[in-house]
Amino acid sequence: MVEKRNGPTNVLIVGVGGQGVIMVSKVLAQLCQNHGYEVKQSEVHGMAKRGGGVFSHVRYGSAVWSPTIPEGEADVLLALEWAEALRWINFMNPDTGTFIADTQRIVPPFACRARGRGEEAGYAPQTPEEIMAQVRAGYAIDATSMAEDLGNLKAANTVLLGALSTTLEFPVEDWLEVIRGFVPPHSIDINMAAFAAGREWAQAGDKRVEESAKGLHKADVELQQQVITKLEITEEWCKGCDICVKMCPERCLRLNEQLVAELPDPSKCTGCRMCEWLCPDFAIKITNTPVLEAAE
Amino acid sequence: MNEAVKVASQDAALKPVAGPFTGNEAIARGVWEAGVKVAAAYPGTPSTEIMESVSKYPAADLHAQWSTNEKTALDVAIGASFAGVRAFAAMKHVGLNVAADALMSFSYIGVNAGLVIVVCDDPGIHSSQNEQDTRIFASFAQVPVIEPSDGQEALDFTKYAFELSEKFDTPVIVRATTRLSHTRSEVKVGARQDIQPRAFNENPSKNVMIPSNARNQHPKVLEREALVAEELASSPLNKVEINDTSVGVITMGLSYVYVKEVYPEASVLKLASSYPLSERLVRDFCDQVDRVIVVEELEPVVENALKVMGIRVEGKSLFPRVGEFSPEVVRDGFVNAGLLPEKIRKGNFDFAPMVRPPVLCSGCPHTSCFMALRALDGRVAGDIGCYTLSVVEPLKSMDTCVSMGSSIANAVGMAKAGTQTKPIIATIGDSTFLHSGIPPLIDAVYNQANITVFLLDNHITAMTGGQDHPGTGKTLRGEETARVDFVKLIKALGVEWCETVDSYDMASMYQSLREAVEFKGVSVVISDRPCVLDPQKIKGDPFKVDQNKCVACQSCMNLGCPALTWSSGWHEGRHKVEINPESCMGCSICAQICPTDSIAL
């Protein structure tokens, strides 16, 4: 339970655009208002639908001034996505805060930009075990898989609300009543089950961790050889058709003044061979020589 | 859209508590309660939901509309005021720049029935191109500006603004900010006032701003400034809270709640309005305290006014002039002033958060357009809309973006400069084109500029969440109406080369673009594909990547599509790609790009 203090209770809800952060916070805000608290719920949207990070501050108590939670004073951090949980973790009160996060990983295209051999996605490397060892209290819960097992991925948020319900003082029936008002009629049953599942899971013990089976694929990383890539163009065979220039994924080829393909900056070539395969005149040759062999 | 608003309007009689309302919904409620008959707006974050909420109230009570731009919206409201009914316009801060011409003259004219403009500022630039402070605009136009600090005040102050408007014959600006607009809180509501229409005021010397009339009106505007300041000085909308008299804080709007949050011991003068400011009001307060500190977001409007009065005051020496205020920022200001101790409690995790910029949606019809523009290697003058996201990798194909409707005329200037060897292309969305892209297109034709205009028609105002406009054939209330025919319109303006393409057909779209840039003169390519989110979410069968065929070349990853991610498979040291079936909407662009035909249904 969040300890009662003089100030308002602060719940920070975070996730990725499209996940339903706003809906989750509206449920909580409505519940607080039904209980006669002053409540302020603040978010910023506009970019929210575009897959960027979304956050919503919910504050309730006898009086609430600022609509946003001061850093380090969130009583609960509720995260719908793992990397977003880590982004906001310092907003949580380090002495009294509770951490609740879905271990689901949504890897943005921006994290898959590295082109070197053996590069991993630029996703948060911290594991749920590492983080749970450092927070005061909380749960890392694979809510998305739990919801999927119940038959609807979208009920993951309700699983998390079930977990959240164990840390706030509102009676279960009141939670369910508000949730019923927010979800479409045909999915009421599944959301009721999702809430119960999340609540039961959290009640089974503090600091529980359940890792998501989804997300990154660290398990089968091969040992990647370091290679030296070399691209050779047989100028006499090139007729300047432009195919390699247009098809190069790294956009590192161009036609020179004689309309012959050239590679101005060899460091940009990743050796993917696309140009070699597509050249109708066999004018391009790529060699990927392992570093060890090159040294010999 | 909002259950609370629906309930409130059905139960119009008296439901004392409603919500939680966002600030925008509270403003809309205030507009309805004030007996407004005509309301108009152009969407713009963070103001968009005001007019959407207004439109939830019965059509019998008031006419609510999307206008083609903010100036049109304000002119519609002005017309309604002339005709004797209370009128309202809403816009974002930069929208007021567009409406400024009408506002500056209408300030001289004054109102018949009350006219209120809600302007939403965006401190912190959450979704805008700048963070200009509307309070300076208000003083420039000599129009009073009222600043609510929470949802309840958003409703009450909006209602009060109409009274002030009519009492002093002036338009009134209510200034909200992103944080107020998008914060939900409990709001006490009232009934709708029954305001009888006024007769048309047949008085050209007041209503027609020819020079001789304008010269007569200007002194009246100055008199009005003093009278309104005096009225506001006695208003119960101000709050004077005398606590510890060693420090007195003068503040307004959202800054007030941050002061109360971090420094409740201070004496506070909360102003209902930064302009016009009564010297009597601030002197009375300053005389009671030893040290005066002004806490105001963005510009030092009140601080400077106090300095002109000769009052010793601190403000921007302690608090930043840029960015959004928060409890931390306001607290830091008081720490700088030596009034609060440094904060001790802080989280101790120190890792850099993962970068997660907003991206174009899976299946967005803009994605392939900008992929083609990058391949074309043109000089691209961009505009305001979702497509501005193509400025960053991996699409990275926009060179400039200034303000609504700037792209086409920017391109004309680039062409006339004669310095650019690349083809010059302007990209503009359908709603932005109708907002302010038509006059510059006429300019381009008239001045025979050699440019290509890429009109990205996704059949909606997408960036702000899917609002209708004259190109959708639907009104704000969802009624069928006339629909702008872009091809006919563009040809009527004198454009000789105009072709419509499907941006889901990568090859023919790219070919059309190539032909368009070859054309000497103004050419227009129209991409005709609906937004995947609005007005309805589009979801087709997801594509799959054949892991046996993928050679990890990363060509598809250059789309930046959020449905594409790395799989566990590798090829020559690079991750193969897989498609998330939940988010793939089946546009097929990645399959068209894949050089090894590894992507299929």
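User: How many helices and strands are there in chain A?
Analyst: Chain A has 10 helices and 11 strands. Keep in mind that this is a predicted model.

User: OK. What share of chain A is buried?
Analyst: Of the 296 residues in chain A, 55% are buried.

User: And how much accessible surface does chain A have?
Analyst: About 13,000 Å², with 52% of that belonging to carbon and sulfur atoms.

User: What about contacts in chain A, how many of those with a separation of 6 or more come from residues 24 or more positions apart?
Analyst: Those pairs account for 66% of the chain A contacts with a separation of 6 or more.

User: Let's go to the interface. How much area do chain A and chain B bury between them?
Analyst: They bury about 6,900 Å² between them, and carbon and sulfur atoms carry 55% of it. The contact takes 83 residues from chain A and 75 residues from chain B.

User: Which three residues supply more of the area chain A buries against chain B than any other three?
Analyst: That would be A:Arg50, A:Trp65 and A:Arg251, which supply 12% of the area chain A buries against chain B.

User: How many salt bridges cross that interface?
Analyst: The rule finds 7 salt bridges between chain A and chain B. A:Glu84, for instance, forms a salt bridge with B:Arg356, and the closest N and O atoms are 2.6 Å apart.

User: How many salt bridges over all chains?
Analyst: There are 38 over all chains. Take A:Glu250 and A:Arg115, whose side chains meet at 2.9 Å, N to O.

User: Why does that pair tie together parts that are apart in sequence?
Analyst: A:Glu250 lies in the loop between helix 8 (243-247) and strand 9 (254-255) of chain A, while A:Arg115 lies in the loop between strand 5 (98-102) and helix 3 (128-134) of chain A, so the salt bridge joins parts 135 residues apart in sequence.

User: Are A:Glu250 and A:Arg115 buried or exposed?
Analyst: Both A:Glu250 and A:Arg115 are buried. There's another salt bridge in chain A, between A:Arg273 and A:Glu276, with the closest N and O atoms 3.4 Å apart. A:Arg273 and A:Glu276 are buried as well.

User: Now chain B. Which residue meets B:Arg379 in a salt bridge?
Analyst: B:Asp399 does, at 3.4 Å, N to O. B:Arg379 sits in strand 13 (residues 379-381) of chain B, and B:Asp399 in the loop between strand 13 and helix 16 (406-417) of chain B, 20 residues apart.

User: Why does B:Arg379 count as partly exposed?
Analyst: Because its relative accessibility is 24%, and partly exposed runs between 20% and 50%. B:Asp399 is partly exposed too, because its relative accessible area is 41%.

User: Which residues do salt bridges with shared partners join into one network?
Analyst: B:Asp121, B:Asp133, B:Arg135, B:Arg175 and B:Glu296 are joined that way.

User: Switching to rings. How many aromatic pairs over all chains?
Analyst: There are 20. A:Trp175 and A:Phe195 make a tilted pair, 6.0 Å centre to centre with 40° between the planes. A:Trp175 is in helix 6 (residues 172-182) of chain A and A:Phe195 in helix 7 (residues 188-203) of chain A, so this is a link between distant parts of the chain, 20 residues apart.

User: Are A:Trp175 and A:Phe195 buried or exposed?
Analyst: Both A:Trp175 and A:Phe195 are buried. Ring pairs also link A:Trp175 and A:Phe195 with A:Tyr37, A:Tyr60 and A:Phe170 into a cluster.

User: Which ring pairs with B:Trp32?
Analyst: B:Tyr57, in a stacked pair at 5.1 Å centre to centre and 15° between the planes. B:Trp32 is in helix 2 (residues 23-33) of chain B, and B:Tyr57 is in the loop between helix 3 (48-54) and strand 3 (63-66) of chain B, 25 residues apart.

User: Why does B:Trp32 count as buried?
Analyst: Because its relative accessibility is 2%, and buried means under 20%. B:Tyr57 also counts as buried, because it is at 1%.

User: What lies over the face of B:Tyr256?
Analyst: B:Lys270 does, at 5.5 Å from the ring centre.

User: Last one: how many residues of helix 14 of chain B are buried?
Analyst: Helix 14 (residues 327-336) of chain B has 7 of its 10 residues buried, including B:Val330 and B:Phe334. The buried residues of helix 14 of chain B pack against strand 10 (244-252), helix 11 (253-262) and strand 12 (291-295) of chain B. After helix 14 of chain B comes B:Gly338, with a positive phi near 75°.

Technical notes:
Residues are numbered from 1 along each chain as its sequence is written. Chains are lettered from A and ligands numbered from 1 in the order in which they are written. This is a predicted model: local features need pLDDT of at least 70, side-chain atom pairs count only at pLDDT 80 or more; totals for chains, interfaces and linings use all residues. Side-chain values use heavy atoms; hydrogens and water are left out. Rings of Phe, Tyr and Trp (its six-membered ring) pair if their centres lie within 6.5 Å; planes under 30 degrees apart count as stacked, over 60 as edge-to-face and the rest as tilted. Helices (H or I, at least four residues) and strands (E, at least two) are DSSP runs, numbered from the N terminus. Buried means under 20% relative accessible area, exposed over 50%, partly exposed in between (1.4 Å probe, protein chains only). A charge sits over a ring if NZ of Lys or CZ of Arg is within 6 Å of the ring centre and within 35 degrees of the ring normal. Contact means heavy atoms within 4.5 Å. Accessible areas come from the Shrake-Rupley method with a 1.4 Å probe; for residues, only the protein chains shown count as cover. Buried area is the accessible area (1.4 Å probe) that two parts lose on being put together, summed over both. A salt bridge is a side-chain nitrogen of Lys or Arg within 4 Å of a carboxyl oxygen of Asp or Glu.
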